[in-house]
Amino acid sequence: MKIGFIGLGNMGAPMARNLAAAGHEVSGFDPAAADVDGVTPATGAAEAVAGADVVITMLPNGQILKSVAAQVIPAMKPGAILCDCSTVDVDSAREVAAQAAAAGLGSLDAPVSGGIGGAAAGTLTFMAGGSDDAFATVRPLFEIMGQKAVHCGEAGAGQAAKICNNMILGATMVATCEAFALAQKLDLDAQKLFDVVSTSSGSSWSTNAYCPVPGVGPKSPADNGYRPGFAAELMLKDLRLSQQAATSVDADTPMGQLATELYTSFVETEDGRGRDFSAMLPRLAARGRNAG
Ligand code: NAD
(Lines give C-alpha, C1' and ligand atoms only; values in the text may rest on other atoms or scores of the structure.)
Protein backbone atom coordinates (compact mmCIF):
# COMPACT_ATOMS: atom_id res chain seq x y z
CA MET A 1 0.00 0.00 0.00
CA LYS A 2 0.95 3.61 -0.36
CA ILE A 3 0.91 5.16 3.10
CA GLY A 4 1.18 8.77 4.30
CA PHE A 5 2.40 9.04 7.89
CA ILE A 6 2.05 12.32 9.80
CA GLY A 7 3.72 12.68 13.21
CA LEU A 8 7.03 10.82 13.48
CA GLY A 9 7.67 11.22 17.21
CA ASN A 10 8.43 8.61 19.88
CA MET A 11 5.55 6.41 18.74
CA GLY A 12 5.05 7.41 15.09
CA ALA A 13 8.67 6.91 13.98
CA PRO A 14 8.94 3.22 14.93
CA MET A 15 5.41 2.53 13.63
CA ALA A 16 6.26 4.10 10.25
CA ARG A 17 9.59 2.25 10.18
CA ASN A 18 7.83 -1.08 10.71
CA LEU A 19 5.39 -0.37 7.87
CA ALA A 20 8.25 0.48 5.52
CA ALA A 21 10.22 -2.60 6.61
CA ALA A 22 7.20 -4.75 5.73
CA GLY A 23 7.40 -3.49 2.14
CA HIS A 24 4.87 -0.66 2.10
CA GLU A 25 5.65 2.62 0.39
CA VAL A 26 5.67 5.18 3.23
CA SER A 27 5.92 8.93 2.88
CA GLY A 28 6.24 10.77 6.20
CA PHE A 29 6.00 14.28 7.59
CA ASP A 30 6.86 15.79 10.94
CA PRO A 31 8.12 19.37 11.32
CA ALA A 32 10.50 18.25 14.11
CA ALA A 33 11.52 14.71 13.27
CA ALA A 34 14.77 13.30 12.02
CA ASP A 35 14.79 10.81 9.13
CA VAL A 36 13.14 7.46 9.71
CA ASP A 37 14.59 4.30 8.09
CA GLY A 38 12.74 3.41 4.90
CA VAL A 39 10.36 6.40 5.09
CA THR A 40 10.49 9.01 2.31
CA PRO A 41 10.51 12.46 3.94
CA ALA A 42 7.89 14.92 2.62
CA THR A 43 8.16 18.69 2.83
CA GLY A 44 4.63 19.06 4.19
CA ALA A 45 1.56 17.14 5.32
CA ALA A 46 -0.25 17.55 1.99
CA GLU A 47 2.74 16.20 0.07
CA ALA A 48 3.01 13.18 2.41
CA VAL A 49 -0.61 12.13 1.81
CA ALA A 50 -0.84 12.71 -1.96
CA GLY A 51 -1.86 9.47 -3.68
CA ALA A 52 -1.87 7.49 -0.40
CA ASP A 53 -4.33 4.63 0.15
CA VAL A 54 -4.12 5.08 3.93
CA VAL A 55 -2.99 8.11 5.93
CA ILE A 56 -1.91 7.50 9.52
CA THR A 57 -1.58 10.31 12.05
CA MET A 58 0.25 10.01 15.40
CA LEU A 59 0.01 13.42 17.04
CA PRO A 60 0.08 14.97 20.52
CA ASN A 61 -3.58 16.01 20.96
CA GLY A 62 -7.01 16.67 19.45
CA GLN A 63 -6.36 20.28 18.53
CA ILE A 64 -3.28 19.39 16.50
CA LEU A 65 -5.16 16.46 14.96
CA LYS A 66 -7.93 18.83 13.81
CA SER A 67 -5.45 21.26 12.27
CA VAL A 68 -3.58 18.44 10.49
CA ALA A 69 -6.89 16.94 9.30
CA ALA A 70 -7.86 20.29 7.78
CA GLN A 71 -4.64 20.21 5.74
CA VAL A 72 -4.67 16.58 4.66
CA ILE A 73 -8.34 15.84 3.97
CA PRO A 74 -8.48 18.07 0.86
CA ALA A 75 -5.18 16.56 -0.37
CA MET A 76 -6.18 12.89 -0.02
CA LYS A 77 -7.31 10.79 -2.95
CA PRO A 78 -11.02 9.90 -3.04
CA GLY A 79 -11.86 6.71 -1.15
CA ALA A 80 -8.61 6.74 0.86
CA ILE A 81 -8.72 6.19 4.63
CA LEU A 82 -7.60 8.58 7.35
CA CYS A 83 -6.55 6.56 10.40
CA ASP A 84 -5.69 8.50 13.53
CA CYS A 85 -3.67 6.51 16.08
CA SER A 86 -3.11 9.40 18.54
CA THR A 87 -4.87 9.52 21.89
CA VAL A 88 -7.35 12.41 21.62
CA ASP A 89 -10.74 13.40 23.01
CA VAL A 90 -13.77 11.54 21.68
CA ASP A 91 -15.38 14.74 20.30
CA SER A 92 -12.33 15.62 18.17
CA ALA A 93 -12.22 12.05 16.83
CA ARG A 94 -15.89 12.25 15.82
CA GLU A 95 -15.44 15.71 14.28
CA VAL A 96 -12.55 14.53 12.10
CA ALA A 97 -14.51 11.40 11.09
CA ALA A 98 -17.43 13.57 9.97
CA GLN A 99 -15.13 15.84 7.94
CA ALA A 100 -13.50 12.83 6.28
CA ALA A 101 -16.91 11.33 5.41
CA ALA A 102 -18.06 14.66 3.94
CA ALA A 103 -14.98 14.63 1.69
CA GLY A 104 -15.68 11.08 0.46
CA LEU A 105 -12.97 9.48 2.62
CA GLY A 106 -13.08 6.61 5.08
CA SER A 107 -11.74 7.06 8.59
CA LEU A 108 -10.82 5.27 11.81
CA ASP A 109 -9.88 6.44 15.27
CA ALA A 110 -7.41 3.78 16.37
CA PRO A 111 -5.48 4.71 19.51
CA VAL A 112 -2.93 2.27 20.83
CA SER A 113 -1.79 0.66 24.00
CA GLY A 114 1.72 -0.73 24.42
CA GLY A 115 3.92 2.37 24.57
CA ILE A 116 7.24 3.05 22.90
CA GLY A 117 8.48 -0.52 23.43
CA GLY A 118 5.36 -1.91 21.76
CA ALA A 119 5.70 0.54 18.86
CA ALA A 120 9.32 -0.51 18.27
CA ALA A 121 8.60 -4.23 18.57
CA GLY A 122 5.40 -4.09 16.48
CA THR A 123 3.35 -5.43 19.39
CA LEU A 124 0.87 -2.60 19.97
CA THR A 125 -2.82 -3.17 20.66
CA PHE A 126 -5.13 -1.07 18.47
CA MET A 127 -8.68 -0.17 19.49
CA ALA A 128 -10.56 1.13 16.50
CA GLY A 129 -13.75 3.09 15.83
CA GLY A 130 -15.19 3.43 12.33
CA SER A 131 -16.84 1.45 9.56
CA ASP A 132 -16.30 -2.27 8.89
CA ASP A 133 -14.85 -1.43 5.47
CA ALA A 134 -12.30 1.00 6.84
CA PHE A 135 -11.29 -1.45 9.55
CA ALA A 136 -10.88 -4.28 7.02
CA THR A 137 -8.66 -2.11 4.81
CA VAL A 138 -6.35 -0.96 7.60
CA ARG A 139 -6.28 -4.26 9.50
CA PRO A 140 -3.20 -5.63 7.63
CA LEU A 141 -1.30 -2.50 8.72
CA PHE A 142 -2.42 -2.98 12.33
CA GLU A 143 -1.07 -6.53 12.09
CA ILE A 144 2.36 -5.17 11.13
CA MET A 145 2.46 -2.47 13.82
CA GLY A 146 0.74 -4.51 16.51
CA GLN A 147 -0.32 -7.89 17.79
CA LYS A 148 -4.01 -7.21 18.33
CA ALA A 149 -6.66 -4.93 16.82
CA VAL A 150 -10.17 -4.70 18.26
CA HIS A 151 -12.94 -3.09 16.22
CA CYS A 152 -14.82 -1.35 19.04
CA GLY A 153 -17.68 0.25 17.10
CA GLU A 154 -18.44 3.41 15.15
CA ALA A 155 -16.40 6.64 15.05
CA GLY A 156 -15.12 7.59 18.51
CA ALA A 157 -15.42 4.06 19.94
CA GLY A 158 -11.66 3.48 19.79
CA GLN A 159 -10.94 6.64 21.80
CA ALA A 160 -13.74 5.74 24.23
CA ALA A 161 -12.17 2.29 24.79
CA LYS A 162 -8.73 3.82 25.28
CA ILE A 163 -9.78 6.31 27.95
CA CYS A 164 -11.96 3.77 29.79
CA ASN A 165 -9.02 1.36 29.89
CA ASN A 166 -6.60 4.03 31.08
CA MET A 167 -9.06 5.34 33.68
CA ILE A 168 -9.09 1.81 35.14
CA LEU A 169 -5.29 1.73 34.94
CA GLY A 170 -4.82 5.11 36.69
CA ALA A 171 -7.22 4.30 39.52
CA THR A 172 -5.80 0.78 39.90
CA MET A 173 -2.21 1.99 40.03
CA VAL A 174 -3.08 4.46 42.80
CA ALA A 175 -4.90 1.71 44.73
CA THR A 176 -1.97 -0.67 44.25
CA CYS A 177 0.57 1.93 45.40
CA GLU A 178 -1.41 2.91 48.48
CA ALA A 179 -1.75 -0.76 49.48
CA PHE A 180 2.00 -1.38 49.20
CA ALA A 181 2.70 1.89 51.08
CA LEU A 182 0.30 0.81 53.85
CA ALA A 183 1.92 -2.64 53.98
CA GLN A 184 5.32 -1.03 54.50
CA LYS A 185 4.03 0.92 57.51
CA LEU A 186 2.41 -2.26 58.86
CA ASP A 187 5.81 -4.06 58.59
CA LEU A 188 4.39 -6.45 56.01
CA ASP A 189 7.05 -7.58 53.56
CA ALA A 190 6.37 -6.31 50.01
CA GLN A 191 7.38 -9.62 48.42
CA LYS A 192 4.92 -11.48 50.65
CA LEU A 193 2.15 -9.04 49.79
CA PHE A 194 2.97 -9.48 46.10
CA ASP A 195 2.83 -13.28 46.48
CA VAL A 196 -0.63 -12.99 48.02
CA VAL A 197 -2.16 -10.21 45.87
CA SER A 198 -0.85 -11.45 42.52
CA THR A 199 -2.79 -14.70 43.01
CA SER A 200 -5.78 -13.25 44.87
CA SER A 201 -8.82 -11.09 44.24
CA GLY A 202 -6.81 -7.84 44.52
CA SER A 203 -4.65 -8.78 41.54
CA SER A 204 -4.40 -6.54 38.49
CA TRP A 205 -1.96 -5.68 35.73
CA SER A 206 -0.53 -2.96 38.02
CA THR A 207 0.59 -5.57 40.55
CA ASN A 208 1.18 -8.63 38.41
CA ALA A 209 2.96 -7.14 35.39
CA TYR A 210 4.12 -3.71 36.56
CA CYS A 211 4.63 -3.97 40.32
CA PRO A 212 5.53 -0.49 41.67
CA VAL A 213 7.92 -1.93 44.32
CA PRO A 214 11.61 -2.20 43.32
CA GLY A 215 12.85 -5.79 43.26
CA VAL A 216 9.38 -7.31 43.45
CA GLY A 217 7.54 -8.97 40.57
CA PRO A 218 8.63 -8.87 36.91
CA LYS A 219 11.11 -6.17 35.90
CA SER A 220 9.34 -2.80 35.77
CA PRO A 221 10.22 0.92 35.87
CA ALA A 222 10.41 0.64 39.69
CA ASP A 223 13.58 -1.40 39.10
CA ASN A 224 15.01 1.41 37.01
CA GLY A 225 14.65 4.34 39.42
CA TYR A 226 11.07 4.94 38.15
CA ARG A 227 12.29 6.18 34.79
CA PRO A 228 9.39 5.78 32.30
CA GLY A 229 7.94 3.38 31.05
CA PHE A 230 4.71 5.26 30.99
CA ALA A 231 5.34 8.80 32.22
CA ALA A 232 3.06 10.27 34.89
CA GLU A 233 2.22 13.21 32.60
CA LEU A 234 0.96 10.82 29.89
CA MET A 235 -1.20 9.07 32.48
CA LEU A 236 -2.50 12.49 33.48
CA LYS A 237 -3.30 13.35 29.86
CA ASP A 238 -5.41 10.20 29.50
CA LEU A 239 -7.13 10.67 32.87
CA ARG A 240 -8.06 14.23 31.89
CA LEU A 241 -9.51 12.95 28.62
CA SER A 242 -11.57 10.44 30.61
CA GLN A 243 -12.96 13.22 32.81
CA GLN A 244 -13.64 15.44 29.79
CA ALA A 245 -15.60 12.58 28.22
CA ALA A 246 -17.41 11.81 31.47
CA THR A 247 -18.44 15.45 31.81
CA SER A 248 -19.69 15.57 28.23
CA VAL A 249 -22.11 12.66 28.84
CA ASP A 250 -22.84 13.33 32.54
CA ALA A 251 -21.22 10.11 33.79
CA ASP A 252 -20.30 9.71 37.48
CA THR A 253 -16.63 8.58 37.69
CA PRO A 254 -15.52 9.30 41.27
CA MET A 255 -12.44 7.04 41.22
CA GLY A 256 -11.33 8.39 37.86
CA GLN A 257 -11.82 11.92 39.16
CA LEU A 258 -9.73 11.29 42.28
CA ALA A 259 -6.98 9.59 40.26
CA THR A 260 -6.96 12.65 37.98
CA GLU A 261 -6.60 14.98 40.98
CA LEU A 262 -3.76 12.89 42.44
CA TYR A 263 -1.80 12.75 39.17
CA THR A 264 -2.42 16.49 38.64
CA SER A 265 -0.73 17.31 41.99
CA PHE A 266 2.00 14.76 41.36
CA VAL A 267 2.87 16.16 37.92
CA GLU A 268 2.18 19.86 38.39
CA THR A 269 3.23 20.69 41.96
CA GLU A 270 5.41 17.76 43.05
CA ASP A 271 8.20 15.74 41.42
CA GLY A 272 6.12 13.50 39.17
CA ARG A 273 6.89 15.00 35.77
CA GLY A 274 9.30 12.79 33.85
CA ARG A 275 8.89 9.91 36.29
CA ASP A 276 6.99 6.71 35.66
CA PHE A 277 3.35 6.73 36.77
CA SER A 278 4.15 3.95 39.27
CA ALA A 279 6.30 6.48 41.20
CA MET A 280 2.99 7.18 42.94
CA LEU A 281 4.31 4.54 45.42
CA PRO A 282 7.27 6.51 46.87
CA ARG A 283 5.04 9.61 46.83
CA LEU A 284 2.39 7.93 48.99
CA ALA A 285 4.93 6.08 51.17
CA ALA A 286 6.54 9.39 52.14
CA ARG A 287 3.28 10.90 53.33
CA GLY A 288 1.19 10.62 56.47
CA ARG A 289 -2.57 10.22 56.65
CA ASN A 290 -3.38 13.93 56.65
CA ALA A 291 -0.89 15.07 54.01
CA GLY A 292 -3.77 16.55 52.00
P1 NAD B 1 5.64 12.76 20.52
O2 NAD B 1 5.49 14.12 21.10
O3 NAD B 1 6.94 12.03 20.65
O4 NAD B 1 5.27 12.78 18.96
C5 NAD B 1 4.31 13.63 18.39
C6 NAD B 1 4.90 14.16 17.10
O7 NAD B 1 3.92 14.95 16.43
C8 NAD B 1 6.11 15.08 17.34
O9 NAD B 1 7.26 14.55 16.69
C10 NAD B 1 5.68 16.42 16.75
O11 NAD B 1 6.74 17.13 16.11
C12 NAD B 1 4.63 15.97 15.75
N13 NAD B 1 3.75 17.06 15.36
C14 NAD B 1 3.24 18.06 16.13
N15 NAD B 1 2.50 18.88 15.38
C16 NAD B 1 2.54 18.38 14.10
C17 NAD B 1 1.97 18.79 12.88
N18 NAD B 1 1.19 19.89 12.81
N19 NAD B 1 2.21 18.05 11.77
C20 NAD B 1 2.97 16.94 11.84
N21 NAD B 1 3.55 16.51 12.98
C22 NAD B 1 3.32 17.23 14.09
O23 NAD B 1 4.46 11.89 21.16
P24 NAD B 1 4.31 10.29 21.16
O25 NAD B 1 4.84 9.75 22.47
O26 NAD B 1 4.81 9.75 19.87
O27 NAD B 1 2.72 10.15 21.26
C28 NAD B 1 1.90 10.35 20.12
C29 NAD B 1 0.48 10.01 20.53
O30 NAD B 1 0.42 8.65 20.99
C31 NAD B 1 -0.09 10.86 21.66
O32 NAD B 1 -1.43 11.17 21.37
C33 NAD B 1 0.04 9.96 22.88
O34 NAD B 1 -0.92 10.25 23.87
C35 NAD B 1 -0.18 8.61 22.26
N36 NAD B 1 0.42 7.49 23.01
C37 NAD B 1 1.69 7.59 23.47
C38 NAD B 1 2.24 6.53 24.17
C39 NAD B 1 3.65 6.60 24.70
O40 NAD B 1 4.04 5.75 25.50
N41 NAD B 1 4.46 7.57 24.25
C42 NAD B 1 1.48 5.37 24.41
C43 NAD B 1 0.20 5.28 23.89
C44 NAD B 1 -0.33 6.36 23.19
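## The second largest pocket

Let's start with an open space in this predicted model: the second largest pocket, which holds about 640 Å³. Its lining is made of 19 residues, and those closest to the centre are V174, E178, L284, G288 and R289. To find your way there, look for α7, α11 and α12 (280-285), each of which supplies at least two lining residues.

Of the contributing elements, α7 gives the most to this pocket, with eight residues. By class, the lining of the second largest pocket divides into twelve nonpolar, two polar and five charged residues.

## The largest pocket

Next comes the largest pocket, with a volume of about 1300 Å³. The elements that give two or more residues to its lining are α3 (62-72), β7 (112-113), α5 (115-121), α7, α9 (205-208) and α10. Here again α7 is the element that gives the most, this time with six residues.

The largest pocket has 45 lining residues, and M11, G115, K162, F230 and L234 are the ones that lie nearest its centre. Sorted by class, 23 of the lining residues are nonpolar, 18 are polar and four are charged.

## Helix α10

One of the elements lining the largest pocket is α10, and this helix is worth a visit of its own. It covers residues 232-248, 17 residues in all, and spans 24 Å from its first C-alpha to its last, close to the 24 Å expected at 1.5 Å a residue. Just past the end of α10, D250 adopts a positive phi of about 55°.

Which residues of α10 are buried? They are A232, M235, L236, D238, L239, L241, S242, Q243, A245 and A246. The buried residues of this helix pack against two others, α7 (157-185) and α11 (254-268). Those two names may be familiar by now, as α7 and α11 each supply at least two residues to the lining of the second largest pocket.

## Strand β8 and its partners

Now for a strand. Why is β8 described as largely enclosed by the rest of the structure? Six of the seven residues of this strand (residues 124-130) are buried, so the rest of the structure largely encloses it.

Three other strands pair with β8, and we can take them in turn. β6 runs antiparallel to β8 and is joined to it by two bridges; D109 stands opposite G129 of β8. β7 is also antiparallel to β8, again with two bridges, and here V112 has F126 as its bridge partner. With strand β9 (residues 146-153), β8 pairs in the parallel sense over six bridges. In that pairing, A128 stands opposite H151 of β9.

## A cavity inside

Rolling a probe the size of a water molecule over the atoms shows where empty space is left. How many cavities of 30 Å³ or more does a search of the whole structure find? The search finds one, and the space in this largest cavity is about 60 Å³.

The cavity lining consists of L65, L82, D84, A93, V96, A97, S107, L108, D109, G129 and A155. At least two of these residues come from each of β5 (81-84), α4 (90-102) and β6 (106-109). By class, seven are nonpolar, two polar and two charged. Two of the lining residues, D109 and G129, are the pair met above, where D109 stands opposite G129 in β8.

Note on methods:
Residues numbered from 1 in each chain as written. Predicted model: local features only at pLDDT ≥ 70, side-chain atom pairs only at ≥ 80, totals over all residues. Heavy atoms only, no water. Helix = DSSP H or I, 4+ residues; strand = E, 2+ residues; numbered from the N terminus. Expected span 1.5 Å × (residues − 1). Buried < 20%, exposed > 50% of the residue type's maximum accessible area, 1.4 Å probe, protein only. Contact = heavy atoms within 4.5 Å. 1 Å grid on protein atoms, 1.4 Å probe; cavity = no way out; pocket = protein on both sides within 12 Å on 5 of 7 lines; lining within 4 Å. Points joined across faces, edges and corners; volume = space filled by probe spheres on them. Nonpolar A, V, L, I, M, F, W, Y, C, P; charged D, E, K, R; others polar. Pairing = 2+ DSSP bridges.
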